[in-house]
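Reader: I have a model open in front of me, and I would like to learn how to read its features one at a time. Could we begin with the way two helices pack against each other?

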Amino acid sequence: MLEYQLIRSKRRKTLSLQVKYGRVTVRAPYYVKLAFIDTFIQEKSAWLQVKLIEQQKLVNFCDFSQGSSLLFLGEPVSLNIYQAKKAQVFFSDNLATDADLLSGQPLAPRQLNVVISHRVNAKLTGTRAITTQVKKQLEGYFKQQAENLIIQRLDVISEQTALIPTKVNIRQYRARWGSCNNRGEVSFNYLLMMAPVFVIDYVIVHELCHLTFLDHSKGFWQLVEQHCPNYQQPRQWLSHHQSQLYWQNPA
């Protein structure tokens, strides 16, 4: 039996399957018994296996180990992990020389340093503990950067669109880039810092338009297009880089 995540809903009337980030998700009404769902999974197992194999070929997850790669503002960066007295996360100033530019060779990715303090490192046993600590420090860094950039871009776009939220939150979501509720509050996933600024701007416009339309109706998309005429481009970028934008838990 394949492992899967089960999400139940009062409003749902049918079963649905989704394969994303190498995981199977089943959405079902509350009244459907678990035995029926297991049988349903078994009947679809061949199709699910094909989809899982297809995704494994495309997956480019960051495993938070030395030299592994992730995106920052749309550009790949390489992790450099080491220990020192003080914990910090920062970029090295790897400026390309004239010789590098004239060589025609691809430039090395920027280096994002993750420094684990000696005090914390002394308590870490095994590779998984270290990569979990690296992920934790990166999450803090991305959140801090998002609180600066996303709030800054939100202020600009709110003024341009006259769509002003009552409150703004920066947090991490498992499967969405932002949200808006009926109280006029908007939230953004700090992992948006992996995307280029034009994609971040689109997500901000998307959520601000929900202040007028709390659905994805025709009127909503017309408003999105009014404020972001080329909105299909950032949507395509998000779809194309899907596997790189997911942070899995260290193995």
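Author: Two packed helices are described by the angle between their axes and the distance between the axes. In this predicted model, the axes of α6 and α8 come within 9 Å and cross at roughly 110°. Angles from 65 to 115 degrees count as roughly perpendicular, and α6 and α8 are therefore roughly perpendicular to each other. The crossing of these two helices, α6 and α8, is left-handed.

Reader: Which residues of α6 and α8 meet at this crossing?

Author: From α6 come Phe198, Val199, Tyr202 and Val203, and from α8 they meet Gln233, Pro234, Arg235, Trp237 and Leu238.

Reader: How should I read the two sides of a helix, and which residues of α8 are buried?

Author: An α-helix has 3.6 residues a turn, so residues three or four places apart point the same way. In α8, which spans residues 232-240, the buried residues are Pro234, Trp237 and Leu238. Seen down the axis of α8, these buried residues fall within an arc of 95°, so they line one face of the helix. On the other side of α8, Gln236, Ser239 and His240 are exposed. The cover over the buried residues of α8 includes the strand β4 as well as helix α6, residues 197-209.

Reader: Which residues of α7 are buried, and what covers them?

Author: Helix α7, residues 218-227, has Gly219, Phe220, Leu223 and Val224 as its buried residues. They cover an arc of only 140° around the axis, which puts them on the same side of α7. What covers the buried residues of α7 includes α6, the helix that also belongs to the cover of α8.

Reader: You mentioned β4, so how do I read a sheet, and in what order do the four strands of its sheet lie?

Author: A useful habit is to ask for the order of the strands, then for the edges, and then for the pairing. Here the order is β4-β5-β7-β6, in an open sheet with mixed pairing. The edge strands are β4 (69-72) and β6 (88-91), each of which pairs on one side only, and the twist averages 35° from one strand to the next. Between β4 and β5, the latter being residues 75-84, the pairing is antiparallel and runs over four bridges, with Leu70 standing opposite Val77 in β5. Helix α5, residues 127-161, lies across β4, β5, β6 and β7, and runs at about 115° to β7 (110-117).

Reader: How does the sheet of three strands read in the same terms?

Author: That sheet is also open and has mixed pairing, with the strand order β1-β3-β2. Its edge strands are β1 (5-9) and β2 (16-20), and each pairs on one side only. Neighbouring strands of this sheet are turned by 25° against each other on average, with direction ignored. The pairing of β1 with β3, residues 23-29, is parallel and extends over five bridges, and the bridge partner of Gln5 in β3 is Thr25.

Reader: Returning to α5, is Glu139 buried or exposed, and what does Glu139 contact beyond its neighbours in sequence?

Author: A residue counts as buried when its relative accessible area is under 20%. Glu139, which is found in helix α5, is buried, with a relative accessible area of 17%. Leaving aside neighbours within four places in sequence, Glu139 is in contact with Gln172, Tyr190 and Trp247.

Reader: What can I learn from phi, and which residues other than glycine have a positive value here?

Author: Most residues other than glycine have a negative phi, and most peptide bonds are trans. Among the residues with a positive value are Leu73, with phi near 55°, and Ala162, with phi near 60°. Leu73 has its place in the loop between β4 and β5, where at 30% relative accessibility it counts as partly exposed. Ala162 is found in the loop between α5 and β8 (167-171), and at 63% relative accessibility Ala162 counts as exposed.

Reader: How far apart are Gln42 and Leu2 in sequence and in space?

Author: Separation along the chain and separation in space are best read side by side. Gln42 and Leu2 are 40 residues apart in sequence, and their C-alpha atoms are 7.8 Å apart in space. Gln42 lies in helix α1, residues 34-43, and is partly exposed, with a relative accessible area of 45%.

Notes. Residues are numbered from 1 along each chain as its sequence is written. This is a predicted model: local features need pLDDT of at least 70, side-chain atom pairs count only at pLDDT 80 or more; totals for chains, interfaces and linings use all residues. Side-chain values use heavy atoms; hydrogens and water are left out. Two strands pair if DSSP finds at least two bridges between them. Axes are lines fitted to C-alpha atoms, for helices over the stretch in contact, and angles run from 0 to 180 degrees between N-to-C directions. Contact means heavy atoms within 4.5 Å. Buried means under 20% relative accessible area, exposed over 50%, partly exposed in between (1.4 Å probe, protein chains only). The arc is that of the directions from the helix axis to the C-beta atoms. Angles under 35 degrees count as roughly parallel, over 145 as roughly antiparallel, 65 to 115 as roughly perpendicular and the rest as oblique. A crossing is left-handed if the near helix is turned anticlockwise from the far one by less than a right angle, and right-handed if clockwise.
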